[in-house]
Amino acid sequence: MPLSAEEKAELERFALSTHPFGRMTGVSMAIHAIPDAFLILHTGVGCKYKGAGQYCLHDLGRPSHHREGYTEVTDMALIKGSVERIGIYVRNWHKKRKSAFMAVASSTFLQMTGEDFAAAAAAAESTVPCPVACIPTPGFDGDLYDGYGDLSKAVLRRVPFKKTPPKPGRVGLVGYVFDRYEMDHAGNLQQLKFLLESLGLECGPTLLSGRPYAELMGLASCERLLALPYARPYAGELPKLCGRPVTALELLPVGMAGTFRWLADAAEACGVAKSVVEACVRKQRDYAGPQLDTFRSYAGPRLEARRTAIFAETPLAAGLTSAAVELGLNPGLVGLRDRSLGGKKAFLAALARTGVRAPEDLEILECPSLDQVRTRALGLRDRGALGLVLGSQMELSAIRSGRAYGEHPLARSLTVDSVRGRGDALPTVEIGFPSYDYHVLFPTPYYGVAGTLALAQRIMNVLH
């Protein structure tokens, strides 16, 4: 028997989240973004974190299983005290890997014993020739971006800002989420460098960016830091951590309007004249305008005024929504898959800052469950109103399953046929973490003007 609306609302509290990734996954992701770093997981046999497991399918650029080890706490160690295992495993793993940076993360049940893991990590640091950071990862608090930020802060604390004179005109970036060694991120980083250099600035290191630990220490020579919106959970701590002027940017450079607003905000923070920004914008508009017109003339008749669904973390969702409006894709549903980046309020503020107006009937879901994603998207599809979906493997898989509360697992096919609308397969574009089907061999950004064109190309490739 189908559930009532009230029953579904009550069950929603217990439903599986679209992005059920906690702090530990974020720490694991951040360690992966530093190629010569290593993570010690202080936890028990049978309690090994699965965060790194996502990378086996998400990242084809670099093996994921070489960057973590476990202290494998036994029942006896738990009873007698497990803290002494940290130093032993830090020294043994450093001897094997010669890591430039190490972190120790613990599970919730061990943290509840009250042992001082931070002191143990500090003691271990004195016995190896590299920094060792202790990162608490309670499973009941925080999300992926909190954990990623915690590891980023641990690196920033070790940047020698006080000992290094800043170089005029050199700008560093903080808060980039680097989740794989594939060419989408290489393209994004190239775009960030291009945007800063177009303002006459020198682009220093980006934290984090797949670069070795020693290169990240080069942030100390930057005159100023720009914090991307992913740094929101710790943006207030950055001035004290860095001892440099820090400007928190509200937007990602995604979409044409988002890129140009980002360029203007970066220029204002760094004292660059508006005339320089205007010249850059004119040049980029002249370059991309005709190609985007071609896209609109191609996509418009194929989408037939149907809506686009977008699922992404808050800052990326704002950029993609802005880009969708510019491209004539008529966004109708947005799912924000984070808990720490500002939610609906931050999404609307970022979108307003681009100057792009979303449709008044745009539905926005905060931290939606798999069922919400499935139900809302299939509701649009069943009305013949859904033409395109952008999202990670999590959302796309949920929609493809075609199931909702109260339905028998065999009630619908679990193939792509279950998301057919108007007789055609529903076009989807996989973007974000995790991506299992989309992999990149050639620089294909989604940041900057080049990223807008690349996104338009990917959409053209799936429209029928």
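**A tour of two pockets and a parallel sheet**

Begin by selecting helix α15, which contributes 5 residues to the lining of the second largest pocket, the most of any element. The structure on display is a predicted model.

Keep α15 (343–354) selected and add α14 (314–326): these are the elements that supply two or more residues to the lining of the second largest pocket. The volume of this second largest pocket is about 280 Å³. To centre the view there, select Pro229, Arg232, Glu250, Leu341 and Ala346, which are the closest to the pocket centre among the 19 residues that line it. Colouring that lining by class gives 14 nonpolar, 2 polar and 3 charged residues.

Move next to the largest pocket, which holds about 340 Å³ of space. Its lining comprises 18 residues, and those nearest its centre are Leu189, Thr206, Ser209, Gly210 and Arg211. Select α9 (183–198), β6 (202–207) and α10 (213–216), since each of these elements supplies at least two residues of the lining of the largest pocket. Helix α9 provides the largest share of that lining, with 5 residues. By class, the lining of the largest pocket divides into 8 nonpolar, 5 polar and 5 charged residues.

Now turn to the sheet. Display strands β1 to β4: they form an open sheet of 4 strands in the order β2-β1-β3-β4, with parallel pairing. Strands β2 (68–70) and β4 (132–136) stand at the edges; each has a single partner strand, so one side of each is left without a neighbour in the sheet. From one strand to the next, the twist averages 25°.

For a closer view of one pairing, select β1 (residues 37–42) together with β2. These two strands run parallel and are joined by 3 bridges. Show leucine 39 as well, whose bridge partner in β2 is glutamate 68.

With the sheet still displayed, add helix α5 (residues 84–97), which packs on the sheet and touches β1, β2, β3 (101–106) and β4. The direction of α5 makes about 150° with that of β1.

Which strands does helix α7 lie across? Select α7 (residues 117–125) to find out: the helix lies across β1, β3 and β4. Align the view with β4 to follow the direction of α7, which runs at about 165° to that strand.

To end the tour, show both pockets together: the largest, with about 340 Å³ of space, and the second largest, with a volume of about 280 Å³.

Methods
Residues are numbered from 1 along each chain as its sequence is written. This is a predicted model: local features need pLDDT of at least 70, side-chain atom pairs count only at pLDDT 80 or more; totals for chains, interfaces and linings use all residues. Side-chain values use heavy atoms; hydrogens and water are left out. Two strands pair if DSSP finds at least two bridges between them. Axes are lines fitted to C-alpha atoms, for helices over the stretch in contact, and angles run from 0 to 180 degrees between N-to-C directions. Contact means heavy atoms within 4.5 Å. On a 1 Å grid over the protein atoms alone, a cavity is a set of points where a 1.4 Å probe fits but cannot get out, and a pocket is an open set with protein on both sides within 12 Å along at least five of seven lines; lining residues have an atom within 4 Å of a point. Grid points are joined across faces, edges and corners, and a volume is the space filled by probe spheres set on the points. Ala, Val, Leu, Ile, Met, Phe, Trp, Tyr, Cys and Pro count as nonpolar, Asp, Glu, Lys and Arg as charged, and the others, Gly among them, as polar.
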